[in-house]
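Visitor: Please examine one part of this model closely, with attention to its charged and polar side chains. I should also like to see how that part is set within the rest of the chain.

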Amino acid sequence: MFEYKTQEQINIANSIKKLLDKHLDDRSFENIQKIEFPIKLFKALADLGLAGLAISEEHGGIAAGPITQMVVMEALAYRDLGPAIFISVHSMVSKLIEQFGNPAQKKKWLPKLAAGEFVAAFALTEANAGSDARSLNTT
């Protein structure tokens with residue numbers, strides 16, 4: 001476990017853990033078994049600013065640095081890995097749009113992603129591997 005260096009990091013981690021304690025109970029794990037995306041939890045995390053974790057302030061995000069992002073991911077994973085995974089993927093895809101999208105795409109998508117109005121995702125498939133990332137080949 002990472003030793004937090006600042007009071008802000010401690011506050012972030014504690015806020016996230018408190019929110020997860022409120023939202024993750026036995027019913028949450030039943031929903032996971034039903035393969036339902038926990039949209040209420042995502043919205044609550046977005047209310048903390050975490051949907052905009054990797055998005056610049058210019059586009060409505062919080063532009064967290066790598067240490068803060070690590071603190072967030074560790075705190076998210078402390079009760080269940082699921083929230084860390086979906087915020088991580090959401091952040092990764094949002095950052096890719098910010099880095100490689102054209103101005104119209106950034107204007108259209110990033111504020112909504114940062115606000116948690118949309119959930120970012122990606123699909124992985126290859127002709128010879130399907131969705132099995134371990135079977136991917138490069139040429």
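Guide: A polar contact is taken here as a pair of N or O atoms within 3.5 Å, where one atom must be able to donate a hydrogen and the other to accept it. The model is a predicted one. The part I have chosen is the loop between α4 and α5, where aspartate 80 is found. A polar atom of the side chain of aspartate 80 lies 3.2 Å from the backbone nitrogen of glycine 82, a distance that falls within the 3.5 Å limit.

Aspartate 80 is buried and yet has no salt bridge. Arginine 79 has the nearest side chain of opposite charge, and it is 7.9 Å away from aspartate 80. Since a salt bridge requires a side-chain nitrogen of Lys or Arg within 4 Å of a carboxyl oxygen of Asp or Glu, the 7.9 Å between aspartate 80 and arginine 79 does not qualify.

Arginine 79 has another partner. Its side chain meets that of aspartate 21 in a salt bridge, with an N to O distance of 3.1 Å. This pair joins distant parts of the chain: arginine 79 belongs to the loop between α4 and α5 (81–100), aspartate 21 belongs to helix α1 (residues 7–23), and their positions lie 58 residues apart in sequence. Arginine 79 is partly exposed, at a relative accessible area of 31%, and aspartate 21 is also classed as partly exposed, at 43%. A further charged group sits over a ring: the charged end of lysine 17 is 5.2 Å from the centre of the ring of tyrosine 78.

The structure holds two salt bridges, and the other one lies in helix α5. There, glutamate 98 forms a salt bridge with lysine 95, with 3.6 Å between the closest N and O atoms. The two residues are separated by about one helical turn, because they stand three residues apart in α5. Glutamate 98 counts as buried at 11% relative accessibility, whereas lysine 95, at 32%, counts as partly exposed.

Glutamate 98 leads on to another loop, the one between α3 (39–47) and α4 (66–77), where serine 56 is found. Beyond residues up to four places away in sequence, serine 56 touches Gly61, Ala63 and Glu98. Serine 56 is buried, with a relative accessible area of 17%. Alanine 63 lies in the loop between α3 and α4 as well, and is partly exposed, with a relative accessible area of 41%. As a rule, most residues other than glycine have a negative phi. Alanine 63, although not a glycine, has a positive phi of about 50°. Glycine 49, just after α3, takes a positive phi of about 95°.

Helix α3 also deserves attention for its packing. Its buried residues are Leu41, Phe42, Ala44, Leu45 and Ala46, and these pack against α1, α4, α5 and α6. Phe42 forms one aromatic cluster together with Phe37 and Phe86. Valine 119, in the segment after α6 (103–115), is in contact with Phe37, Ile39, Phe42, His90 and Leu113 when its neighbours within four places in sequence are left aside. Valine 119 and isoleucine 39 are 80 residues apart in sequence, while their C-alpha atoms are 9.0 Å apart in space. With a relative accessible area of 35%, valine 119 is partly exposed.

Four aromatic pairs are present in the structure. One of them is formed by tryptophan 109 and phenylalanine 118, which counts as tilted because the ring planes stand at 50°, with the ring centres 5.5 Å apart. Tryptophan 109 is partly exposed at 35% relative accessibility, and phenylalanine 118 is partly exposed at 34%.

These details belong to a protein of six helices and zero strands, following the pattern α-α-α-α-α-α along the sequence. Of its 139 residues, 33% are buried. Among contacts with a separation of 6 or more, 63% join residues 24 or more positions apart. To return to the chosen loop: aspartate 80 is buried without a salt bridge, and its side chain has a polar atom 3.2 Å from the backbone nitrogen of glycine 82, while arginine 79 is paired with aspartate 21.

Terms used: Residues numbered from 1 in each chain as written. Predicted model: local features only at pLDDT ≥ 70, side-chain atom pairs only at ≥ 80, totals over all residues. Heavy atoms only, no water. Helix = DSSP H or I, 4+ residues; strand = E, 2+ residues; numbered from the N terminus. Buried < 20%, exposed > 50% of the residue type's maximum accessible area, 1.4 Å probe, protein only. Contact = heavy atoms within 4.5 Å. Phe/Tyr/Trp six-rings, centres within 6.5 Å; stacked < 30°, edge-to-face > 60°. Lys NZ or Arg CZ within 6 Å of the ring centre and 35° of its normal. Lys, Arg positive; Asp, Glu negative; His and termini not counted.
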